[in-house]
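Work through the exercises below with the sequence and the 3D view open. Each task is followed by a solution in steps.

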Amino acid sequence: MDFVTLAGLLIAFSSVLLANWLGGGEVILLLNLPSAIIVVVGSIGATLIQSSIQEAIRALALIKWSLFPPVYDFNTARSTLNNLAHKARRLSLLALESDVESLGSQFSTRALQMAIDGTDPDLLSDRLHDDAVRIHDKRMRSISFIESIGGYAPTLGIMGSVLGLIQAMANLDSPEALGHGIAVAFVSTLYGQGFANLVIFPIVKKLTGYVDKELLYHQLLIDGICGIAVGKHPYRLELELNAYE
């Protein structure tokens, strides 16, 4: 689990509560279920209108990365590719048949199997690059879905505030109820801004970093496996792969 994300969320929300407390505000006024519903549920609903259920499901799966990020061990991958290169040079490319899953991912398994099957190196490189870009583009569409939720949240927060003010105006004959209603009404605006800028946009930034790192990792695998396929000297291949961090 990525405890940095949890710590960041805790610090962000604590700063809002602390500022409210130092300003003499009541914490209870910040707790408003209708405001949360219109901001969170409304933003998700608006985003669904512009997207598809498949994109929503993929986005939900991807958002887990913010707490349980994928691990891309470049050093281990380089070491494994170097060992495979030595084995292929010492024996043959077919000798790697038992090592197709040694790199531990679907992408690398398919790539190595294609190389062992004798796919033309140029065609192999083109296909793998296309696959890597396709995976990256699919991930970025999921991130765009999540980002859209943050884009709609502030506007939904304003709508919630307007709705709250309408309800508060119904109590013009009761000054105390009117003042309390106006205070609660503006909570929706706070929720909209907070949900977008303290939750959604930081998560989007983090997920984008993971997706870009995945693309770089796939590029490392492609260069390594294609280098093995053309019989590149293991030491030369190792020097080329050391450029990936």
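**Exercise 1. Placing a residue**

In which helix does T76 lie? Then find its exposure class and its distance to S102.

Solution. The model is a predicted one.
Step 1: T76 is in helix 4.
Step 2: The relative accessibility of T76 is 43%. Partly exposed covers the range between under 20% (buried) and over 50% (exposed), so T76 counts as partly exposed.
Step 3: Along the sequence, T76 and S102 are 26 residues apart. In space, their C-alpha atoms are 11 Å apart.

**Exercise 2. A residue in a loop**

Locate A95, classify its exposure, and give its C-alpha separation from D73.

Solution.
Step 1: A95 sits in the loop between helix 4 (74-90) and helix 5 (106-116).
Step 2: With a relative accessible area of 22%, A95 is partly exposed.
Step 3: A95 and D73 are 22 residues apart along the chain, and 25 Å separates their C-alpha atoms.

**Exercise 3. Two residues of helix 8**

Take F201 and G192, which are both placed in helix 8. For each, state whether it is buried, partly exposed or exposed, and give one C-alpha distance.

Solution.
Step 1: Helix 8 is made of residues 187-229, and F201 is placed in it. G192 is found there too.
Step 2: F201 has 31% relative accessibility and counts as partly exposed. G192 has a relative accessible area of 0%, so it is buried.
Step 3: F201 and G150 are 51 residues apart along the chain, with 6.4 Å between their C-alpha atoms. For G192 and N20, the chain separation is 172 residues and the C-alpha separation is 17 Å.

**Exercise 4. Annotated spans**

Which residues does the UniProt annotation "transmembrane region" cover? Describe the chain over residues 28-49 and over residues 149-170.

Solution.
Step 1: According to the unreviewed UniProt entry, the annotation "transmembrane region" covers residues 28-49, 149-170 and 182-204.
Step 2: Residues 28-49 are 77% helix and 0% strand in the model, and the end C-alpha atoms of this span lie 34 Å apart.
Step 3: Residues 149-170 are 95% helix and 0% strand, with 31 Å between the end C-alpha atoms.

**Exercise 5. Salt bridges**

How many salt bridges does the structure hold? Describe the partners of E240, then the bridge between D131 and R134.

Solution.
Step 1: The structure holds 7 salt bridges.
Step 2: E240 is partly exposed, its relative accessible area being 34%. The side chain of E240 meets that of K232 in a salt bridge of 3.0 Å, N to O. K232 is also partly exposed, at 22% relative accessible area.
Step 3: E240 also forms a salt bridge with R236, where the closest N and O atoms are 3.3 Å apart. Both E240 and R236 belong to helix 9 (residues 234-241), and they are 4 residues apart, about one turn of the helix. R236 counts as exposed, at 52% relative accessibility.
Step 4: A network of salt bridges with shared partners joins R110, D131 and R134. Within it, D131 and R134 form a salt bridge whose closest N and O atoms are 2.4 Å apart. These two residues are 3 residues apart in helix 6, so about one helical turn separates them.
Step 5: D131 has 13% relative accessibility and therefore counts as buried.

**Exercise 6. Surface patches**

Which residues form the negative surface patch, and which make the nonpolar one? Place one member of each in its helix and give its exposure class.

Solution.
Step 1: The negative surface patch consists of D120, D122, D126 and D130.
Step 2: Among them, D126 is placed in helix 6 (residues 121-169). D126 is partly exposed, with a relative accessible area of 48%.
Step 3: M1, F3, L6 and F68 make a nonpolar surface patch of about 440 Å².
Step 4: One of these, F3, is placed in helix 1 (residues 3-22). F3 counts as exposed because its relative accessibility is 57%.

Technical notes. Residues are numbered from 1 along each chain as its sequence is written. This is a predicted model: local features need pLDDT of at least 70, side-chain atom pairs count only at pLDDT 80 or more; totals for chains, interfaces and linings use all residues. Side-chain values use heavy atoms; hydrogens and water are left out. Patches are made of residues with over 30% relative accessible area and no salt bridge: like charges are joined within 9 Å, nonpolar side chains (Val, Leu, Ile, Met, Phe, Trp, Tyr) within 5 Å. Accessible areas come from the Shrake-Rupley method with a 1.4 Å probe; for residues, only the protein chains shown count as cover. A salt bridge is a side-chain nitrogen of Lys or Arg within 4 Å of a carboxyl oxygen of Asp or Glu. Lys and Arg count as positive and Asp and Glu as negative; His and the chain ends are not counted. The place of a charge is taken as NZ of Lys, CZ of Arg, CG of Asp or CD of Glu. Buried means under 20% relative accessible area, exposed over 50%, partly exposed in between (1.4 Å probe, protein chains only). UniProt positions are given in the numbering used here, feature names are shortened, and annotations may be inferred rather than shown by experiment.
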